[in-house]
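Reader: I would like to learn how to read a model like this one, feature by feature. Where do we begin?

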Amino acid sequence: MRMIATSIAAISAGPALAASGPFFSLSNTNFVVAVAFLLFVGFLIYMKVPGKVGELLDKRAVVIRSELDEARALREEAQALVASYERKQKDVQEQADRIVAQAKSEAKTAAAQAREDLKKSIARRLQAAEDRIASAEAEAVREVRNRAVTIAIAAARDVIAAQMTAAEANKLIDSGIETVAKKLH
């Protein structure tokens, strides 16, 4: 009631009242609007609309609070997931770096081994070539000796045949047979 009286006093003291005549008249639109407004506010209070609006706002506040709590929980979960993925990414990056380093090390080792194998292969091939050259050289020397012996025998035969008589030839044949017989027995 006190509120209504205060509202009426505030309205009646306005400058619009001084210009339009008496305030408590049905011909004064300000008075009619003020009465209608007060009746409307009274009706709303009688129907307990402010309480219902308060309840609805409280329910909405509870819903919003639960949504905020859920959003906060989801945010924390998302941050935990992000941190987990960042750790996993870091672990994967470290593992990839280790794999790359190991591959480089293995490549260096393989290159060094390939150089060693190449050196050994070249050394073997050089040795094989030198052995073939030595063998060919020995074969050539043997062939030259054999040919020299063959030529010397042929020359000796010609010389002996020209100087030897039949009796001397028979004597040499007998001597050769005796030598062979002594060596065989």
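Author: Begin with one side chain. Arginine 72 has a relative accessibility of 44%, so it counts as partly exposed. The cut-offs matter here: under 20% is buried, over 50% is exposed, and partly exposed lies in between. Keep in mind that this is a predicted model.

Reader: Which residue forms a salt bridge with arginine 72?

Author: First the general idea. Side chains of opposite charge can pair when their charged atoms come close. Here, aspartate 69 is the partner of arginine 72, with the closest N and O atoms 3.0 Å apart. Aspartate 69 is partly exposed because its relative accessibility is 40%.

Reader: Where do aspartate 69 and arginine 72 lie?

Author: Helix geometry helps. An α-helix has 3.6 residues a turn, so residues three or four places apart point the same way. Both aspartate 69 and arginine 72 lie in helix H4. They are three residues apart, about one turn of the helix.

Reader: How many salt bridges does a search of the whole structure find?

Author: Two. The other case joins the side chains of glutamate 139 and arginine 142, at 2.5 Å from N to O. Glutamate 139 and arginine 142 are three residues apart in helix H4, so about one helical turn separates them. Glutamate 139 has 39% relative accessibility and therefore counts as partly exposed. Arginine 142 is partly exposed too, with a relative accessible area of 42%.

Reader: Now the overall fold. How many helices and strands does the chain have?

Author: Five helices and zero strands. Along the sequence the pattern reads α-α-α-α-α.

Reader: What share of the chain is buried?

Author: Buried residues make up 4% of the 185 residues. The chain exposes about 16200 Å². Carbon and sulfur atoms supply 64% of that area.

Reader: Let us take one helix. How does the reach of H3 compare with the expected span?

Author: Compare the end-to-end C-alpha distance with 1.5 Å a residue. H3 has 18 residues and reaches 25 Å from its first C-alpha to its last. That is close to the expected 26 Å.

Reader: Which residue caps the N-terminal end of H3?

Author: For a cap, look for a side-chain atom that meets a backbone nitrogen. Asparagine 28 does this for H3. A side-chain oxygen of asparagine 28 lies 3.0 Å from the backbone nitrogen of asparagine 30. Asparagine 28 sits in the loop between helix H2 (15–20) and H3.

Reader: Is asparagine 28 buried or exposed?

Author: Buried. Its relative accessibility is 6%, so asparagine 28 falls in that class.

Reader: What happens to the backbone just after H3?

Author: Check phi, and check whether the residue is a glycine. Lysine 48 has a positive phi of about 60°, although it is not a glycine. Lysine 48 belongs to the loop between H3 and H4. At 59% relative accessibility, lysine 48 counts as exposed.

Reader: What else is in that loop?

Author: Methionine 47 is placed there, between helix H3 (29–46) and helix H4 (49–163). Its relative accessibility is 40%, so methionine 47 counts as partly exposed.

Reader: Which residues form a nonpolar patch on the surface?

Author: Phe43, Tyr46 and Met47. Together they have about 380 Å² of accessible area.

Reader: One last check. Where is confidence lowest, and where is it highest?

Author: Read the average, then the elements. The chain averages a pLDDT of 85, and 89% of the residues score at least 70. Confidence is lowest in H2, at a mean of 50. The highest is in H3, at 92.

Conventions: Residues numbered from 1 in each chain as written. Predicted model: local features only at pLDDT ≥ 70, side-chain atom pairs only at ≥ 80, totals over all residues. Heavy atoms only, no water. Helix = DSSP H or I, 4+ residues; strand = E, 2+ residues; numbered from the N terminus. Buried < 20%, exposed > 50% of the residue type's maximum accessible area, 1.4 Å probe, protein only. Areas by Shrake-Rupley, 256 points an atom, 1.4 Å probe, with all protein chains shown as cover. Patch = residues over 30% accessible without salt bridge, like charges linked within 9 Å, V, L, I, M, F, W, Y side chains within 5 Å. Salt bridge = Lys/Arg side-chain N within 4 Å of Asp/Glu carboxyl O. Expected span 1.5 Å × (residues − 1). Polar contact = N/O pair within 3.5 Å; in protein donor to acceptor, adjacent residues only side chain to side chain. pLDDT = per-residue confidence, 0-100.
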